[in-house]
Amino acid sequence: MAKKKGNLGSSTIAQNKKARFEYHIDETFEAGLSLAGWEVKSLRAGKAQLTDTYILIKNGEAWLLGSHITPLNTVSTHVVADPSRTRKLLLHRKEIAKIFSRTQDKGHTCVPLKLYWNKNLVKCELALVRGKKLHDKRATEKARDWNREKARIMRAH
């Protein structure tokens, strides 16, 4: 019997930490990604970035805009690689309809939170979000600082 490979590292490829700070998260979805071969190899190497990325619903399909996957120079020799191309998201029709209807409301948008591996497939966690006001951002930062200080005090005692 062959031994199964253990999960050596985290399954997370890239996170959009800025989105959690900038927005109130209302609802999350899991979507697959339609990728080229060189993109999958770059994701295995961890060469992805989700800052300033958003989701666009167009003609009943969901698209990931603004994501950047850096091509590896050893892999993409025979293909002209576009690192910031628009990538198709694979969602059910009802999920796309729900996202589209919610993004039509004022102040709502859809952003990706993270890219991760689910077995051997690349998945994207999407979120329907509302923008935070400046005082909300300050409160979030204050709570984060207080939790950090609390942890320091608990470790000291």
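Visitor: Among contacts in the chain between residues at least 6 apart in sequence, what share joins residues at least 24 apart?
Guide: This is a predicted model, in which local features need pLDDT of at least 70 and side-chain atom pairs pLDDT 80 or more, while totals for chains, interfaces and linings use all residues. Residues are numbered from 1 along each chain as its sequence is written, and side-chain values use heavy atoms, without hydrogens and water. A contact means heavy atoms within 4.5 Å. Of the contacts between residues at least 6 apart in sequence, the share joining residues at least 24 apart is 70%.

Visitor: How many helices and strands does the chain have?
Guide: Helices (H or I, at least four residues) and strands (E, at least two) are DSSP runs, numbered from the N terminus. From that end the elements run β-α-β-α-β-β-β-β-β-α-β-β-α. The secondary structure comes to four helices and nine strands.

Visitor: Which side chains of strand β4 point to the buried face?
Guide: Buried means under 20% relative accessible area, exposed over 50% and partly exposed in between, with a 1.4 Å probe and protein chains only. Along β4 (residues 54-58) the side chains alternate, and Y54, L56 and K58 point to the face that is not buried. The buried ones, on the other face, are I55 and I57.

Visitor: Which residue of β5 is the bridge partner of L56?
Guide: Two strands pair if DSSP finds at least two bridges between them. β4 and β5 (residues 61-65) pair in the antiparallel sense over five bridges. In their hairpin, with two residues between the strands, N59 takes a positive phi near 55°. The partner of L56 in β5 is W63.

Visitor: Which element gives the largest share of the largest nonpolar core?
Guide: A nonpolar core is a set of buried Ala, Val, Leu, Ile, Met, Phe, Trp, Tyr and Cys residues joined through side-chain atoms within 4.5 Å. The largest has 25 residues, and L43, I55, L89, I99, L115 and L126 have the most contacts inside it. Elements that give two or more residues include α2 (37-44), β4, β5 and α3 (93-103). The largest share, four residues, comes from β9.

Visitor: Which residues does L126 touch, not counting residues up to four places away in sequence?
Guide: L126 is among the residues with the most contacts inside the largest core. Its partners, with that sequence limit, are E27, T28, F29, A31, I55, L89, L91, I99, C110, V111 and P112.

Visitor: What percentage of the 157 residues counts as buried?
Guide: Along its principal axes the C-alpha trace spans about 55 × 45 × 35 Å. Of the 157 residues, the buried portion is 31%.
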